[in-house]
Structures are given as C-alpha cells and as structure tokens.
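This report describes selected features of one protein chain for a reader who is new to structural biology. Please keep the sequence and the structure in view while reading.

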Amino acid sequence: MGLQIGDIVPRKSLDFKDLKGKIIAVDAFNAIYQFLSSIRQPDGTPLMDSQRRVTSHLSGLFYRNISLLSEGIKLVYVFDGISHELKNKTKENRMEAKDKARGKYEEAKDEEDFNLMGKYAKQLGTLDSEKIEESKELLEAMGVAVVQAPSEGEMQAAQLVKDKEAWAVASQDYDALVVGADRLIQNLTLARKRKLGNGTYVFISPELIEYKKVLQELGVDRDQLISLGILVGTDFNPKGVLGIGPKKALSLVREKKYPAVIFSELEQQGKLNFNWQDVFEIFKKPDVKKEKIIFPKINEKKIKEILVERHEFSMERVEKQLEKLHEVKKQSEQKTLF
C-alpha cells in the first residue's frame with residue numbers, strides 16, 4: 001500500500017496543458033499495475049491474445065501514453081530494481097491479499113456474479129519479468145525514455161527531479177515526496193473518466209503535490225516528514241505504529257520534533273516492533289544513481305512487431321495511434337528548429 005498520508009497533504013488540480021513541454025518521471029511499476037488492474041473485461045478477465053498472454057499492460061502503455069504524449073508531455077518510465085529486504089513483509093502481505101482475492105473471485109465465478117468477479121479480479125494482476133522486459137521494449141520503441149533504478153523506482157524518479165532531469169514524479173504513492181522530490185503528480189496515467197457503480201462517470205484530473213508546500217503547511221522539516229511516514233507505515237514497516245494515524249502522527253512529530261525523541265519514547269512504551277533507524281535511513285539516503293535522460297527515436301516497425309505481430313492488436317487501431325505519435329514527433333522537431 002505504501003505511505004498513507006494522502007489525507008493530510010495539500011494538493012491542487014492540474015490541467016494537462018499545464019504539463020506541456022515538461023518531463024515527467026513515471027513510477028513504472030505503479031503505472032503498469034494500474035493498467036493490469038483497470039484494463040479488463042466486465043467479468044474481470046484481463047485483455048489477452050489468442051495464446052492467453054495478458055496484454056492489458058501493453059494496451060495501457062500504448063494508448064494512454066500516446067494520449068499523454070499528444071498533450072506535449074515528455075515521459076520517462078523508471079523501473080524498480082532489487083527491493084530492500086525490509087520490503088519482504090509487504091510482499092508477503094500482498095501475496096496473502098491476492099490469495100484471498102483469488103478465492104473470492106472463484107466463489108463469485110461459481111455464482112456467476114459478474115460484478116464481484118470484476119471487483120476481485122482487479123486485485124489479481126501480477127508483474128513478471130517477461131511483462132517488465134516487454135514493457136521496456138514497447139516504451140523505448142514509442143520514444144519514451146526508460147531508466148532502471150538500482151532499488152526503488154519511485155525514489156530513483158525523485159532523484160531525477162532533484163537533479164533537474166525531470167520536472168515531477170508521477171505516482172499514486174508518496175515515497176517520492178518523502179525522499180524530497182520537488183513535485184509529485186497523481187492521477188496522470190489513470191483514465192480521464194472513471195465509471196461509478198450507478199453507471200455514471202466522474203472526471204479524474206491530475207493533481208499536483210509540492211514538497212515545499214507540504215513542509216510549510218504541515219509545519220514540519222524533512223526529518224519530521226520521514227518520521228511521520230514511518231509512524232503511519234511504509235512498505236518497509238507495514239501498518240506503522242498501532243493506533244497512530246496521519247493526524248496523530250503529525251501532532252506527535254510537531255510536539256517531539258526530533259526522530260530520536262519521537263521513537264525512543266515509543267520504544268519505551270513497547271509500541272515499536274521494527275527498527276525505526278533502518279527504515280529512516282532508507283528514506284534519508286535512498287539507493288539511487290545519477291542518470292542523464294536520453295529519449296530514444298520512435299521505431300514504428302518495432303511497435304507493430306510487438307503489438308500486431310506478437311500480440312494480435314488491431315493494425316488499424318495501432319496505425320491510427322501511430323499517426324498521433326508522428327504528429328507529436330513533428331511538433332517537437334518544429335519547436336527544436338524554431
């Protein structure tokens with residue numbers, strides 16, 4: 001689940017035109033899981049080719065990213081590397097949740113309850129090495145830059161922003177914010193319309209969260225924001241400290257001020273079941289690298305090979321999208337010449 005501080009951070013709505021010409025570093029795993037979860041048939045079945053290979057992620061990466069590129073946004077996808085060992089518990093929890101959802105899905109299937117099938121199927125998406133490599137292959141063919149992080153993709157994306165290689169991080173999680181990314185954008189890669197249970201649609205707009213404004217409005221410094229995140233729970237200490245939610249955590253870090261004071265008192269009260277210093281260190285000194293962004297050339301032949309020849313996408317639909325992609329390239333070249 002990641003950090004649960006969404007209720008207390010200030011944010012503002014963005015229009016896509018506000019992002020024109022800006023480089024956005026996308027948390028790749030976060031975005032691809034969104035596509036695997038949301039791009040499905042009504043009964044929850046993911047999109048697949050005739051060999052039953054899942055293609056939901058490829059559909060999302062292709063169609064939704066071309067939509068963003070057409071807005072003049074430049075995209076960099078940052079992929080996770082080797083996870084920290086402290087994340088193992090989170091992985092176990094996620095596997096348990098998937099197992100439960102799988103059982104619920106099978107029950108709904110037996111009862112032919114398509115609504116429940118759709119609900120539980122969304123929790124069953126898996127991202128294996130084959131999907132990851134094919135995603136990178138497609139993105140680069142589309143002219144999207146790809147960065148491989150040594151560890152956490154979102155933290156590497158934050159480093160790109162700190163190094164002025166990108167303007168903002170795009171993710172539904174908050175890790176990039178806590179490690180100091182100047183800007184975090186949420187809802188960027190989601191569909192612009194979301195269907196509600198009553199059949200109506202709600203418009204989803206991107207939202208901007210700015211690091212300096214978060215510190216200013218919450219009245220905390222960098223170390224206190226990291227402490228706040230640890231108190232409510234991160235992927236490295238799931239569920240945080242029992243009985244402490246975002247508002248209580250904020251009050252606590254404001255009162256106690258220093259991480260050592262905050263956590264030593266909780267240790268004395270027997271409320272900590274993890275080593276807070278280890279988690280603090282991950283956010284204070286994230287495992288990242290310096291990276292220079294280079295945008296690859298569009299490879300139309302490769303796109304068709306992956307989507308049409310390999311996975312049986314409609315040639316007509318793919319070519320229609322490629323026209324948009326070439327228009328993006330043309331406008332970019334004209335701007336460069338100007």
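A charge is said to sit over a ring if NZ of Lys or CZ of Arg is within 6 Å of the ring centre and within 35 degrees of the ring normal. The charged end of Arg317 meets this description with respect to the ring of Tyr63, lying 4.5 Å from its centre. The model in which this arrangement appears is a predicted one.

**The surroundings of Gln321**

Tyr63 appears again in the surroundings of Gln321, a residue of helix α14, which comprises residues 315-337. Apart from neighbours within four places in sequence, Gln321 is in contact with Phe62, Tyr63 and Ile66. Is Gln321 buried or exposed? The relative accessibility of Gln321 is 12%, and buried means under 20%, so Gln321 counts as buried.

**The sheet**

Seven strands form an open sheet with mixed pairing, in the order β1-β9-β6-β5-β2-β3-β4. Its edge strands are β1 (12-13) and β4 (145-148), each of which pairs on one side only. Strands β1 and β9 run antiparallel and are joined by two bridges. Here Ser13 stands opposite Glu207 in β9.

Strand β2, formed by residues 23-27, is mostly covered, with four of its five residues buried. Which strands pair with β2 in the parallel sense? One is β3 (residues 74-79), which pairs with β2 over five bridges. Another is β5 (residues 168-170), which pairs with β2 over three bridges. Ala25 illustrates both pairings: its bridge partner in β3 is Val76, while its bridge partner in β5 is Val169. As a general principle, the side chains in a regular strand alternate between the two faces of the sheet.

**Helices α8 and α9**

In helix α8, the residues Tyr211, Val214, Leu215 and Leu218 are buried. Why are these residues said to share a side of α8? They cover an arc of only 95 degrees around the axis, and therefore lie on the same side of the helix. Lys212, Gln216 and Glu217, on the other side of α8, are exposed. The buried residues of α8 pack against α7, β9 (207-210), α9 and α10. After α8 comes Gly219, whose phi is positive, near 70 degrees.

Helix α9 (residues 222-232) is mostly covered, as nine of its eleven residues are buried. Among these buried residues are Gln224, Leu225 and Ile226, and the list also includes Gly229 and Val232. The elements that cover the buried residues of α9 include α7 (175-178), α8 (211-218), α10 (246-256), α11 (259-268) and α12 (276-284).

Both ends of α9 deserve attention. At the N-terminal end, Asp221 acts as a cap: one of its side-chain oxygens lies 3.3 Å from the backbone nitrogen of Asp223. The residue that follows α9 is Gly233, and its phi is positive, near 115 degrees.

**Aromatic rings**

A pair of aromatic rings is described by the distance of the centres and the angle of the planes. The count for this model comes to five aromatic pairs. Two of them are set out below.

| Pair | Arrangement | Centre to centre | Angle between planes |
|---|---|---|---|
| Phe29 and Phe79 | edge-to-face | 6.2 Å | 85 degrees |
| Phe236 and Phe283 | edge-to-face | 5.7 Å | 80 degrees |

The pair of Phe29 and Phe79 links distant parts of the chain, with Phe29 in helix α1 (residues 28-38), Phe79 in strand β3, and their positions 50 residues apart. Phe29 and Phe79 are both buried. In addition, the charged end of Lys136 sits over the ring of Phe79, 5.2 Å from its centre.

The pair of Phe236 and Phe283 also links distant parts of the chain. Phe236 belongs to the loop between α9 and α10, whereas Phe283 belongs to helix α12, and the two are 47 residues apart. Phe236 and Phe283 are likewise buried.

Which residues do ring pairs link into a cluster? The cluster consists of Phe263, Trp276 and Phe280.

Notes
Residues are numbered from 1 along each chain as its sequence is written. Side-chain values use heavy atoms; hydrogens and water are left out. Buried means under 20% relative accessible area, exposed over 50%, partly exposed in between (1.4 Å probe, protein chains only). Contact means heavy atoms within 4.5 Å. A polar contact is a pair of N or O atoms within 3.5 Å; within protein, one must be able to donate a hydrogen and the other to accept it, and residues adjacent in sequence count only if both atoms are side-chain atoms. Two strands pair if DSSP finds at least two bridges between them. Rings of Phe, Tyr and Trp (its six-membered ring) pair if their centres lie within 6.5 Å; planes under 30 degrees apart count as stacked, over 60 as edge-to-face and the rest as tilted. The arc is that of the directions from the helix axis to the C-beta atoms.
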